[in-house]
Amino acid sequence: MALVTKEIFKLWLLVSIVNVSSQSCPEPCTRLFSKLVCDGSKVNLTTFPQIENRPWIKSLLVVHTNLPSLQRGELVLPAVDNLRKVALFSNGIKTLGKSIFRNISNITSLALSNNSLSAVPTIAIKPLKKLVFLTLTRNRIQTIESNAFLQNQNLEKLFLDDNRISDIRVGSFNGLDRLIYLHLSNNNIARFPFEGSVQDFSVLEGLYVTGNLIEDIFTNNQNFSACVTLAMQSNSLSHLKNFSLNAFPQISTLSVLDNLIEKLDEFLFGSVYHPLENLIISNNKLSELPIKLLKNLPKLRKLFLAQNKITMIPGKAFLNNIYLQTLDLSFNLIQVSHPSALDGLKSLKFFFVQHNNLSTIPADYFSLSYDIHFRLDGNHWVCDCDLCAVQKWYNKTKYYFGNPVCSVPPRFRGTPIIEVPFKKLCKDTEVTISEHTGDFGFSTTDATSTRKLLFYEDIAILAMLLVFVTGGTLICLSCLCNIFGK
């Protein structure tokens with residue numbers, strides 16, 4: 001009995017040692033269903049993982065390693081029949097051998113991001129005829145040679161963001177007749193990427209060239225008939241000329257945020273109406289609204305013009321934009337907004353004019369049968385009876401953001417508009433809730449007389465100050481009025 005107990009103890013001790021050993025020396029790779037993950041940031045990998053004889057592998061991730069054979073392009077991956085996705089990012093890869101993928105030519109997705117590649121690995125990816133997704137972001141690529149992807153004709157998504165690309169040779173994208181999305185953001189590209197190319201991009205849906213040095217757009221009558229998104233923010237565009245985007249007949253979103261744009265021509269998209277829905281022109285140098293261009297965009301839904309140098313909103317500026325829902329004119333220099341400026345905007349939901357130089361706003365803007373999200377803070381409001389409608393709206397709306405305050409008259413300076421005692425102040429003003437326009441309808445009468453009362457109040461204060469300064473000399477109040485043109 002003692003002998004049996006001793007043997008059981010020995011067996012238990014051996015099992016314990018094995019368990020402790022397995023916990024202190026973790027497996028280099030982890031299986032997650034059909035995915036094999038080998039993360040060098042969690043365990044030290046000294047050799048590339050063995051993947052042969054593992055037919056269950058469909059996705060292979062080998063990341064954050066420091067393997068010389070992989071970095072120098074000496075590695076050749078073995079055949080794995082079911083392998084379809086390979087990710088080799090953050091491995092310090094400087095070059096890829098021509099035979100690295102020859103045994104796994106059926107893969108459809110390849111991620112080579114965050115390495116040290118100085119050129120597109122054209123020869124290495126040549127066997128990958130079925131490749132659909134390729135990302136080469138965050139490498140050191142400077143030039144895209146002609147026919148760089150000629151053998152990858154099934155490619156649909158190509159990511160080349162965050163490189164050092166300054167030279168895109170003619171014919172760089174030859175053969176990519178099925179390309180749907182092309183990302184070239186955050187490079188050093190100075191000309192439109194397809195200048196001089198004869199490639200047909202008729203199925204391309206998204207083109208992203210944000211954060212480059214592009215100064216002008218030349219499409220050479222190319223065909224981008226399926227493109228719905230063009231992102232060109234943070235470039236050096238200054239003038240979007242007539243017919244520059246004529247090759248994009250179906251684009252729905254154009255973003256030229258953060259450029260140097262001073263002018264947008266009337267026929268930017270051609271001489272016919274264009275179905276653009278979202279136009280983002282914020283943070284540029286526009287001094288006026290591109291009204292002529294807007295007339296050719298009847299399906300526009302969102303218009304962002306914040307952080308420009310626009311000084312006024314003219315009447316009937318958006319008459320053809322009946323579907324416009326968002327209008328952002330914040331952080332401009334707007335002093336005047338015409339009473340008919342919002343005419344035709346039957347679908348408007350968001351109207352932002354915060355941080356401008358407005359002193360008053362037409363009461364007609366608030367005579368709507370539905371609630372609307374206004375942003376009015378950060379302006380120089382004259383709190384007379386013309387702002388009664390604003391206060392009434394603020395008391396009723398569910399979209400209360402910001403807190404606009406009075407600038408004049410002096411006794412209301414810094415007072416929130418919602419706290420001004422308009423009922424007591426505006427004896428000659430009638431504020432009613434219209435039965436026909438619902439909770440958000442207002443009408444005003446004879447507000448001009450009240451504005452004059454407030455003006456004379458300010459003149460009286462000025463007169464008292466002058467009496468004090470001049471040592472008691474009497475000042476004619478009517479003379480002061482003549483001086484100030486009232």
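Good morning. I begin with a single residue, Phe-351, which is buried, with a relative accessible area of 1%. The structure before you is a predicted model, and I shall use this phenylalanine as the way into it.

Phe-351 forms an aromatic pair with Tyr-365; the ring centres lie 6.1 Å apart and the planes meet at 80°, an edge-to-face arrangement. The two partners come from distant parts of the chain, 14 residues apart: Phe-351 belongs to strand β21, residues 350-352, while Tyr-365 lies in the loop between β21 and β22. Is Tyr-365 buried or exposed? Its relative accessible area is 2%, and the cut-off for burial is under 20%, so Tyr-365 counts as buried.

The pair belongs to a wider group. Ring pairs join Phe-351, Tyr-365, Phe-366, Phe-374, Trp-393 and Tyr-394 into a cluster. Two members of that list, Trp-393 and Tyr-394, bring us to helix α4, which spans residues 388-396 and in which both are buried. Cys-388, Ala-389, Val-390 and Gln-391 are also buried in α4. Against what do the buried residues of this helix pack? They pack against β22, residues 373-375, and against α5, residues 422-425.

Let me now place this region within the whole. The protein chain contains seven helices and 24 strands. It has 486 residues, of which 45% count as buried. Among contacts between residues at least 6 apart in sequence, 54% join residues at least 24 apart. The accessible surface comes to about 24300 Å², and carbon and sulfur atoms account for 54% of that area.

I turn next to the interior. In soluble globular proteins, nonpolar side chains tend to be buried together. Here the largest nonpolar core has 122 residues, and Phe-149 and Phe-173 touch the most other members. The elements that give two or more residues to this core are β2 (35-39), β3 (59-63), α3 (291-295), α4 and α5. Which of them gives the most? Helix α4 does, with five residues. As for Phe-149, leaving aside residues up to four places away in sequence, its contacts include Val-120, Ile-125, Leu-134, Ile-144 and Phe-173.

Aromatic rings deserve a further word. A search of the whole structure finds 12 aromatic pairs. In one of them, Phe-224 and Phe-248 have ring centres 4.5 Å apart and planes at 10°, so this pair is stacked. It too links distant parts of the chain, 24 residues apart: Phe-224 is in the loop between β11 (206-208) and β12 (229-231), and Phe-248 is in the loop between β13 (239-240) and β14 (253-255). Both Phe-224 and Phe-248 are buried. A ring may also meet a charge: the charged end of Arg-31 sits over the ring of Trp-56, 3.9 Å from its centre.

My last example is a polar residue. Asn-259 is found in the loop between β14 and β15 (263-264), and at 5% relative accessibility it counts as buried. What does the side chain of Asn-259 reach? It reaches two backbone nitrogens, that of Ser-236 at 3.2 Å and that of Leu-237 at 3.0 Å. Beyond residues up to four places away in sequence, Asn-259 touches several others, among them Met-232, Gln-233, Asn-283 and Asn-284.

To close, I return to helix α4: its buried Trp-393 and Tyr-394 are members of the aromatic cluster that also holds Phe-351. Thank you for your attention.

Key
Residues numbered from 1 in each chain as written. Predicted model: local features only at pLDDT ≥ 70, side-chain atom pairs only at ≥ 80, totals over all residues. Heavy atoms only, no water. Buried < 20%, exposed > 50% of the residue type's maximum accessible area, 1.4 Å probe, protein only. Helix = DSSP H or I, 4+ residues; strand = E, 2+ residues; numbered from the N terminus. Contact = heavy atoms within 4.5 Å. Phe/Tyr/Trp six-rings, centres within 6.5 Å; stacked < 30°, edge-to-face > 60°. Lys NZ or Arg CZ within 6 Å of the ring centre and 35° of its normal. Areas by Shrake-Rupley, 256 points an atom, 1.4 Å probe, with all protein chains shown as cover. Polar contact = N/O pair within 3.5 Å; in protein donor to acceptor, adjacent residues only side chain to side chain. Core = buried A, V, L, I, M, F, W, Y, C linked by side-chain atoms within 4.5 Å.
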